[in-house]
Amino acid sequence: MTATLAPPLRIGKAAVAALGALAIATGALESVVTPTLPLLQRELGMSPAEGALLSIVLLITGALVTPIAGKLGDRYGGKRVLIRLMAVVSAGGLVSSLAPNLPVLLLGQVLQGAMVGALPLSFILVRTHLPAGESKVAIGVVSGLFVAGGMAGTLSAGPVAEGLSRHWMFALPTLAVIGGTLLVNRLFPQDPPSRPDGTGIDWPGLLLLSGTLVTLMLVLALAPDIAARPLLLGALVLVLAGFVTGWTAVERRAAAPMVDLRMLARPAMWKACVLTFVTCVGTSLAVYLVPQLFAVPADAYGFGAGATEIGLYLLPGAAAAALAGPISGIGARRLGSRAVVTAGIALMAVALVALATVHTEIWHLVIGKVMISLASGLCVTALVTSTAASVDRGDTGIATSLVLVTRVVGYAVGAQLGGALLTAGTPSGSDVPAESAFVTGFVIAGAVTALSLLVTRTMRKGVEE
């Protein structure tokens, strides 16, 4: 009992700095694919649909790993789990850096996806070894440095890939991850388990959800070739239905489900999930389509931008996403979460429709991407905050995991939809999609986003604080 009540073993600024350095490195490694996706598609001979799959596979792995990592961190200690997780991430980065083809690169990205679980583990560490006031500051610093690392990766990936090679754009941040992991291992003491709870991990639910997401991505990737491979597509649809049915049955009966589907019966939860899904579909479509439009040759209807230029053009959007969290928090406190979500959805719908109408200048795309990133950040932050506030304290993890899984599915569907539209819109014998494919993508995203305003009108206590 005395050990339980003893104050946490304090850590110094050097340990927090090491954790910050690791956050910068992982943020950089996570962000290198987006600005260089057109380059990777050219060098590896990928179709737009395959490029879309590459852009989201890391996020899918992260969504599956994060709740498991948090549970293991509580049970066995944040440092122990974080170091092992970073070993997997480092292996993934090295595989990606050496990848000669798309299948090997996809494997590397799957392993790298474990990095998404690093942030909650970092929060466990600082809360264990710092007093409440200082831990809040440290959590804010680590979160901010992760975003800063993402910006650094967005900026540097293009010059490194074009000046050295695509291999080095993965290798350099991976080496930084290894260095940061070694520093954290040396400077942080071992932390004891904080909440041994005796409940098991929902491995069947994890495996079935993994199968569901992977099959869904394959269905979306093959959709443009439906005329050529109808039997394969039909078989995948049946497999997808089987995975969904099995996962639903398992999660309903599990004592400690990975995702508690029973909570979806609550109006606050299902409406938050619907809005999260729609917001992330719109965001993901833009995240995928805008770099592709930058890369379209200037003698067609695009701008012929290289990876370095694309990174520069995307940087303002990354900065807007970083600012969206604090702005959303202030707005939710003063106006209520529903007002913030409504404003974000309206802003996103306007930006998407505007991009469909006007995209003839670089600044059109830059401003549109900034508006979409800001709107997405406003919506997702407000939805996560309001969801956490609408349930009992003991249900916070379950509720937010529902939103997290919905977020990943939305991003995955949006990116794969964009890839499918460009693949279907590319004339035979050409590498350049028709401009109408981009217009269709922006219009679909804008229309679906605008329709979600009907859901926000029905929200009351579930979205307002």
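**Exercise 1. Cysteines in helix-rich surroundings**

Decide whether Cys280 counts as buried or exposed, and find what its sulfur has for company.

*Solution.* At a relative accessibility of 0%, Cys280 falls under the 20% limit and therefore counts as buried. The model examined here is a predicted one, and every step below is a reading of that prediction. Cys273 can be treated in the same way, because its relative accessibility of 8% also makes it buried. Turning to bonding, Cys280 takes part in no disulfide, since the nearest cysteine sulfur belongs to Cys379 and lies 9.0 Å away, whereas a disulfide needs the sulfurs within 2.5 Å. Counted by that rule, the structure has zero disulfides.

**Exercise 2. The protein as a whole**

State how many helices and strands the protein has, and what share of its residues is buried.

*Solution.* The count of secondary structure gives 18 helices and zero strands. Of the 465 residues, 51% count as buried. As a further step, consider the contacts whose separation is 6 or more: residues 24 or more positions apart account for 81% of these. One example of two residues distant along the chain is offered by Leu275 and Leu453, which are 178 residues apart but have C-alpha atoms separated by 8.7 Å. Leu275 is found in helix H12, and with a relative accessibility of 0% it counts as buried.

**Exercise 3. A group of aromatic rings**

Work out how the rings of Phe294, Phe303 and Tyr313 are linked.

*Solution.* Begin with the total, which comes to three aromatic pairs. In one of them, Phe294 and Phe303 have ring centres 6.2 Å apart and planes at 55 degrees, an arrangement classed as tilted. Both of these phenylalanines are buried, and for Phe294 the relative accessible area is 0%. Next, take the pair of Phe294 with Tyr313: the centres are 4.8 Å apart and the planes stand at 40 degrees, so this pair is tilted. Phe294 lies in helix H12 (residues 267-295) and Tyr313 in helix H13 (residues 307-335), so the pair ties together parts that are 19 residues apart in sequence. Put together, the ring pairs join Phe294, Phe303 and Tyr313 into a cluster.

**Exercise 4. The largest cavity**

Find how much space the largest cavity holds, and which helix gives the most to its lining.

*Solution.* The structure holds one cavity of 30 Å³ or more, and the largest cavity contains about 70 Å³ of space. It is lined by 10 residues, and those closest to its centre are Ala23, Thr26, Ala118, Leu119 and Ser122. Helix H2 (13-31), helix H7 (118-129) and helix H8 (132-163) each supply at least two residues of this lining, with H2 giving the most, namely four residues. By character, the lining of the largest cavity divides into eight nonpolar residues, two polar ones and no charged ones.

**Exercise 5. The second largest pocket**

Describe the residues that line the second largest pocket.

*Solution.* About 400 Å³ of space lies in the second largest pocket. Its lining is made of 16 residues, with Gln41, Arg42, Asp431, Val432 and Pro433 lying nearest the centre. Helix H3 (33-44) and H12 each supply at least two residues of the lining, and H3 gives the most, with three residues. Sorted by character, the lining residues of this pocket are eight nonpolar, six polar and two charged.

Technical notes: Residues are numbered from 1 along each chain as its sequence is written. This is a predicted model: local features need pLDDT of at least 70, side-chain atom pairs count only at pLDDT 80 or more; totals for chains, interfaces and linings use all residues. Side-chain values use heavy atoms; hydrogens and water are left out. Rings of Phe, Tyr and Trp (its six-membered ring) pair if their centres lie within 6.5 Å; planes under 30 degrees apart count as stacked, over 60 as edge-to-face and the rest as tilted. Buried means under 20% relative accessible area, exposed over 50%, partly exposed in between (1.4 Å probe, protein chains only). On a 1 Å grid over the protein atoms alone, a cavity is a set of points where a 1.4 Å probe fits but cannot get out, and a pocket is an open set with protein on both sides within 12 Å along at least five of seven lines; lining residues have an atom within 4 Å of a point. Grid points are joined across faces, edges and corners, and a volume is the space filled by probe spheres set on the points. Ala, Val, Leu, Ile, Met, Phe, Trp, Tyr, Cys and Pro count as nonpolar, Asp, Glu, Lys and Arg as charged, and the others, Gly among them, as polar. Contact means heavy atoms within 4.5 Å.
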